[in-house]
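Reader: Please take me through one part of this model in detail: the largest pocket, what lines it and what occupies it.

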Amino acid sequence: MEIRVFSDFKSASEAAAELVSQRLQSKPNFVLGLATGETPLLLYRNLIERCRRGKRDFSQLTTFNLDEYLGLAPIHPQSYRFFMNRNLFDHLDVPREQTHILDGSASDPQAACADFEKAIVESSGIDLQVLGVGSNGHIAFNEPGSAFDSRTRVVDLSDDTIRANSDGRFFKDHREVPHQALSMGLGTIMETREIILLAKGKLKADAVQRAVEGPVTENVPASILQRHPQCTFFLDEEAASKLTKQMLSDSSH
Ligand code: GLP
């Protein structure tokens, strides 16, 4: 695991965008795994900017998103499909049919999960996966207790996650948040060739410390990343504040 700490989250996001951009350059038909939530927004803005400046061609890109709320149709404003279209895909030259997001309104959600796994295999696997982390250590919607060998499936959301996602940033009221989701499994995520995880702010400091320095345990899903051969964390100082070991810092202060 490589840990990179930056003086602010904007710098962390720019460095992450630079890494993604370099990888995209190395392979035109790149397969990129994407995340939702507040954390990757600056990274996405930076990629859009690079596309506008004509510096990147996304026409051969394929993407897979980590998760989706069960019961929300793609046109629902709180669905992750809606989020991704608005915050990234509407602004890139990537053909929409090359962007894969689990359909929360699928009539057979288990079959949708199996099809999603199949599509990843048919694309020859994910080259680089972008992750955020929940304050309870979840990645995608793999809550504490998720099996390390789990695959894409229907999952229950924890009360912590429902609360975190109904603080006004996304849902205004916890009663509006679906209690289940479709999520890539931890086993699926661990098969991706490279992973970058971004975390911002002191609310994530405990989860980051446990993921990086704690035991590898299913109680902290992100701790599995210690076993990934190519995983880099991009952190601002607050998110890194509970790490006890000396970390190499990218900050310019
Ligand atoms: C959600 C998503 C995760 C995301 C996490 C953190 O539960 N399913 O993929 O990483 O929340 O979200 P945020 O970046 O808004 O803090």
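Author: By class, 15 nonpolar, 13 polar and 9 charged residues make up the lining of the largest pocket in this predicted model. That lining comprises 37 residues, and those nearest the pocket centre are Gly37, Glu38, Asn165, Arg169 and Lys204. Three elements each give two or more residues to the lining: strand β4 (67-69), and the helices α3 (80-87) and α5 (159-164). The space in the pocket comes to about 810 Å³.

The ligand takes up this space: its site is the largest pocket. Around the ligand there are 15 residues, of which Glu38, Thr39, Asp67, His138 and Lys204 come nearest. Divided by class, the shell has 5 nonpolar, 6 polar and 4 charged residues. Glu38 and Lys204 are thus named twice, among the residues nearest the pocket centre and among those that come nearest the ligand.

Individual contacts can be followed from the ligand atoms outward. On the nitrogen side, a polar side-chain atom of Asp67 is 2.8 Å from a nitrogen atom of the ligand. Ala140 contributes through its backbone: an N or O atom there lies 3.3 Å from a ligand nitrogen atom. Lys204 faces an oxygen atom of the ligand instead, with a polar side-chain atom at 2.6 Å. As for cover, the ligand taken alone exposes 390 Å², and the protein buries 96% of that area.

Key
Residues are numbered from 1 along each chain as its sequence is written. This is a predicted model: local features need pLDDT of at least 70, side-chain atom pairs count only at pLDDT 80 or more; totals for chains, interfaces and linings use all residues. Side-chain values use heavy atoms; hydrogens and water are left out. On a 1 Å grid over the protein atoms alone, a cavity is a set of points where a 1.4 Å probe fits but cannot get out, and a pocket is an open set with protein on both sides within 12 Å along at least five of seven lines; lining residues have an atom within 4 Å of a point. Grid points are joined across faces, edges and corners, and a volume is the space filled by probe spheres set on the points. Helices (H or I, at least four residues) and strands (E, at least two) are DSSP runs, numbered from the N terminus. Ala, Val, Leu, Ile, Met, Phe, Trp, Tyr, Cys and Pro count as nonpolar, Asp, Glu, Lys and Arg as charged, and the others, Gly among them, as polar. A residue is near a molecule or strand if one of its heavy atoms lies within 4 Å of it. A polar contact is a pair of N or O atoms within 3.5 Å; within protein, one must be able to donate a hydrogen and the other to accept it, and residues adjacent in sequence count only if both atoms are side-chain atoms. Accessible areas come from the Shrake-Rupley method with a 1.4 Å probe; for residues, only the protein chains shown count as cover. A molecule sits in a cavity or pocket if more than half of its atoms lie within 2 Å of its grid points.
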